[in-house]
Amino acid sequence: MTKTSDIAGHYTKGDLFDRLQAALRDDGVDPDKPSVATLAPYDQFHGRGLEVTEEIAETLTVTPEDHLLDIGSGIGGPARYMATRFGCRVTGIDLTEEFCAVARRLTALLGLEERVDFHQGNALAMPFADAGFAGAYSMNVSMNIADKAAFYGEIHRVLKPGGWLMLSEIALGPGGGPDYPTPWAATPASSFLVTPQQTEEGLQAAGFADIRLRETREEALAFGARAKEMVERGEKPPHRAVQLVHGAEAATMAANTARAFAAAAILPIEVHCRKPA
Ligand SMILES: C[S@@+](CC[C@H](N)C(=O)[O-])C[C@H]1O[C@@H](n2cnc3c(N)ncnc32)[C@H](O)[C@@H]1O
């Protein structure tokens, strides 16, 4: 059985903050004065990066009084984006201690620490009270979680009645899964992909309602083609988080993922649903 320490180990390199500062310097950005925009190529650690976070934010109704939960918050790009865009509070939880530490340092540099905080912990046993959050989202996380029923059940527990959940993630496609390594797993032992239909059924079984699922394969393929053109022109690609986190392995991971998208072996999906009021 895969241990949570194996998952965190996959994402832990030990010198992430220093490498991020070096990458910002290389971009011509003062690493002590980053912004949501200058961090976006690195701190939005999911396919299509900031493009997806913005797309999702467009579909949400969030007030400054709302407290949101970011499950598997990484180094905090989506949480800082939501807090900045909506003026709301966001709490992130992530298994990987190094990501939480980097997330806190970046949040302090942006002066957002009053409204954005991060806890190291497991999404399957969150240290949060019942019914505390107005909304929750999770971006490219469930692929690391074997027990989807426990995952959905725990999110349902911490949402207020009427609260929303948005999942943006990679599902198993008809082509039967990717080659490994991928950005989320070195081997199939820590990758737990399910089909879009299984996702819908699991959310329904956990008590969620108004489930709307959208496949975003066309968008992923178009983004991949745009990024390739930029690299061919000698520019940096728009999404550099995989390169930042995984270094030398990133090229193989990106190639495996691109091939799997093209063959529909994996499908990017976005799911909105609600805990009944
Ligand atoms: C691909 S990264 C996505 C990070 C972030 N959601 C983003 O989009 O920038 C996947 C994240 O899920 C976290 N994760 C995986 N399994 C988890 C679990 N059981 N509980 C909490 N976090 C988990 C990992 O530590 C990692 O930070």
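**Helices, strands and a ligand shell: how do you know?**

Modeller: Let's begin at a strand pairing: A209 sits opposite R274 of strand 7. Keep in mind that this is a predicted model.

Biologist: Fine. How many bridges join strand 6 to strand 7, and which way do they run, parallel or antiparallel?

Modeller: There are 5 bridges, and strand 6 and strand 7 run antiparallel. At least two bridges are needed for a pair, so these two strands count as paired.

Biologist: And strand 5 with strand 7: how do you know that they pair?

Modeller: By the same kind of check. Strand 5 (residues 159-172) and strand 7 (residues 266-274) share 9 bridges in the antiparallel sense. The requirement is at least two, so the pairing holds. One place to look is L165, whose bridge partner in strand 7 is C273.

Biologist: What about strand 1 and strand 4, parallel or antiparallel?

Modeller: Parallel: 3 bridges join strand 1 (residues 67-71) to strand 4 (residues 133-139). On your screen, find L68 and its bridge partner in strand 4, G135.

Biologist: What is the strand order of the whole sheet?

Modeller: The order is 3-2-1-4-5-7-6, in an open sheet of 7 strands with mixed pairing.

Biologist: And what makes strand 3 and strand 6 the edge strands?

Modeller: Strand 3 (116-120) and strand 6 (209-215) each pair on one side only. As for twist, neighbouring strands of this sheet are turned by 15 degrees against each other on average, ignoring direction.

Biologist: Which strands does helix 5 touch when it packs on the sheet?

Modeller: Helix 5 touches strand 1, strand 2, strand 3 and strand 4, and its direction makes about 170 degrees with that of strand 2.

Biologist: On to helix pairs, then. Why is helix 3 called roughly antiparallel to helix 5?

Modeller: Helix 3 (residues 36-43) and helix 5 (residues 77-86) pack at an angle of about 150 degrees, with axes 10 Å apart. The label needs an angle over 145, so helix 3 is roughly antiparallel to helix 5. Their crossing is left-handed.

Biologist: Which residues of helix 3 meet helix 5?

Modeller: From helix 3 they are V36, L39, A40 and D43, and they meet G77, R80, Y81 and T84 of helix 5. By class, that contact has 4 nonpolar, 2 polar and 2 charged residues. Y81 goes with the nonpolar ones and G77 with the polar ones, because Tyr counts as nonpolar and Gly as polar.

Biologist: Why is helix 7 called oblique to helix 8?

Modeller: The axes of helix 7 (residues 148-158) and helix 8 (residues 196-205) cross at roughly 50 degrees and come within 9 Å. Roughly parallel would need an angle under 35, and roughly perpendicular one of 65 to 115. Neither fits roughly 50, so helix 7 is oblique to helix 8. Helix 7 passes helix 8 in a right-handed crossing. K148, A149 and Y152 of helix 7 make the contact with G202, L203 and A205 of helix 8. By class, this contact has 4 nonpolar, 1 polar and 1 charged residues.

Biologist: How do you know that helix 9 and helix 11 are oblique to each other?

Modeller: Helix 9 (residues 217-232) and helix 11 (residues 250-262) have axes that cross at roughly 135 degrees and come within 10 Å. Roughly antiparallel needs over 145, and roughly perpendicular stops at 115. The angle of roughly 135 falls between those limits, so this pair is oblique. Helix 9 passes helix 11 in a left-handed crossing. The contact uses R217, A220, L221 and G224 of helix 9 with A258, F261 and A262 of helix 11.

Biologist: Now the ligand. How many residues surround the ligand, and which are the closest?

Modeller: There are 26, and the closest are F45, G72, G74, T96 and A123. A residue gets in if its C-beta atom, placed from the backbone, lies within 6 Å. Helix 1 gives the largest share of the shell, 4 residues. By class, the shell has 14 nonpolar, 11 polar and 1 charged residues.

Biologist: Any backbone oddities? What kind of peptide bond joins Y180 and P181?

Modeller: A cis one, with omega about 10 degrees. P181 is in the loop between strand 5 and helix 8.

Biologist: And what is phi of A131?

Modeller: Phi is near 55 degrees, a positive value in a residue other than glycine. A131 lies in the loop between strand 3 and strand 4.

Terms used: Residues are numbered from 1 along each chain as its sequence is written. This is a predicted model: local features need pLDDT of at least 70, side-chain atom pairs count only at pLDDT 80 or more; totals for chains, interfaces and linings use all residues. Axes are lines fitted to C-alpha atoms, for helices over the stretch in contact, and angles run from 0 to 180 degrees between N-to-C directions. A crossing is left-handed if the near helix is turned anticlockwise from the far one by less than a right angle, and right-handed if clockwise. Two residues are in contact if their C-beta atoms, placed from the backbone, lie within 7 Å.
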